[in-house]
Amino acid sequence: MPYEYELYARIAAMVAKPILIANWKMHPRARSDARQLFAATRKIAERSPGPVIVAPPSVYLSELASAYTGKKIQFAAQHAREGDIGAYTGEISMAQVKDAKARFVLVGHAERRAAGESDDDTRAQVGSALSLSLTPIICVGERVRSAGGEHFHFIRAQLRAAFGDVADGAVQKCLVAYEPIWAIGASEAMPPRQMHEMAIFIRKTLVELRGERAQNLKILYGGAVDESNARAMLAEGDVAGLLVGRVSTNAEEFAALIRSITTKQ
Ligand code: PGA
C-alpha cells in the first residue's frame, strides 16, 4: 500500500476508535466510592467509540477487574515493579498485576518519576510487562519547553531508555503516552498542532532506533484533557487516544468528554 494511503488509513482508524485511559491516580477515598465511580464509568464507557482502560489505585484493581464481565473496559495498573515476588515493601509486581486481571500497566508516569523513578526503572518495567504479555503504557514528557527545542532531546532520551530492553519486533506492542508535565493538572491542554509535531518526532525517533515497524506505534496525549479539547486533539493531534486524569474521576465530566467525541458537529 502506498505510504500516504497507509497513513490516512491509520489516522482514520485512530480517529474512529480512540483509546481513552482513565487514570484515577490516588482517587477515590474509599472502596464504596470506587465501586460507584466504576459503575458510572462502565455505563459511560458503553457510549465511547473505542476502548476505555481504567487505571484505579491498586487496592481497588483486583476487585473491580474480577467483578467486571463486559468487553468495553480493560484495566491498567498505575505502576508495578518488574518481576514476580521479592522483598520490596510497598511495591506490587507485574506478575501480581497480571493476576489481578489487568492487561495494561502505566510505566514512568510523571508523578512516579517525580517521586524518584529513573529511566533504568522504566526500562526494567517495560521489559517485564512485555514478558508477561501486559501492554506497557510508556509515559514521557518534559518539564519545560524552551525555544532551543531541548525538550526533543529529553523525550528522545526517555524513549531510548524505556525501549532499551524491547526487541525490535515488539515495539508496536507498547503504547506511548506523551504527557508534557506543564500540562498535567493545568488549566489548558497542549495545542493539537504541537502534539502533532511531537507525535511525528516520537515515531521518527523510534523508527530510527528500532526500524520501520515502529511506524505503527500508537501514541496518546495526556495533560488537562476535557470535553473542551478532546475532540480537536483526536482530530488534529495525530494521536490514537487520550490519557485522562482529573476528568476521569468525575462521572459527569467524563460523560461530557465522551459525548464531545461522539456527537456529530
Ligand atoms: P490530568 O492528568 O488529566 O489531570 O491533567 C493527566 C495525567 O497525569 O495522566
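**Exercises on strand β7 and its surroundings**

Three bridges connect β7 with strand β8 (residues 241–244), and the two strands run parallel. The model is a predicted one.

**Exercise 1.** Determine which strands pair with β7, and which residues stand opposite each other.

*Solution.* Begin with β8: its pairing with β7 is parallel and rests on three bridges. Within this pairing, G222 stands opposite L243 of β8. Next, turn to strand β6 (residues 175–178), which pairs with β7 in the parallel sense over four bridges. Here Y178 has Y221 in β7 as its bridge partner. Strand β7 is thus paired in the parallel sense with β6 and with β8.

**Exercise 2.** Trace the connections that lead into and out of β7, and state the handedness of each.

*Solution.* Follow the chain from β6 through helix α8 (residues 192–210) to β7; these elements make a right-handed β-α-β unit. Then continue from β7 through helix α9 (residues 230–236) to β8; this β-α-β crossover is also right-handed.

**Exercise 3.** Decide whether strand β7 is largely enclosed or open, using the burial of its residues.

*Solution.* A residue counts as buried when its relative accessible area is under 20%. Strand β7 covers residues 218–222, and four of these five residues are buried. The strand is therefore largely enclosed by the rest of the structure. For the protein as a whole, 50% of the 265 residues count as buried.

**Exercise 4.** Assess whether the radius of gyration agrees with that of a compact globule.

*Solution.* First take the expected value: for 265 residues, a compact globule would have a radius of gyration near 18 Å. Then compare it with the value for the protein, 17 Å, which agrees. The C-alpha trace spans about 50 × 50 × 40 Å along its principal axes. Finally, consider contacts between residues at least 6 apart in sequence: 72% of them join residues at least 24 apart.

**Exercise 5.** Establish whether C139 and C174 are bonded or unbonded to each other, and whether each is buried or exposed.

*Solution.* A disulfide is a covalent bond between the sulfur atoms of two cysteines. A search of the whole structure finds zero disulfides. C139 is accordingly in no disulfide, and its nearest cysteine sulfur, that of C174, is 12 Å away. The cut-off for a disulfide is a sulfur pair within 2.5 Å, so the 12 Å from the sulfur of C174 to that of C139 is too far for a bond. As to burial, C139 counts as buried because its relative accessibility is 2%. C174 is buried as well, with a relative accessible area of 0%.

Methods. Residues numbered from 1 in each chain as written. Predicted model: local features only at pLDDT ≥ 70, side-chain atom pairs only at ≥ 80, totals over all residues. Heavy atoms only, no water. Buried < 20%, exposed > 50% of the residue type's maximum accessible area, 1.4 Å probe, protein only. Pairing = 2+ DSSP bridges. Right-handed = clockwise from strand over helix to strand, strands pointing away. Rg over C-alpha atoms; globule rule 2.2 N^0.38 Å. Contact = heavy atoms within 4.5 Å.
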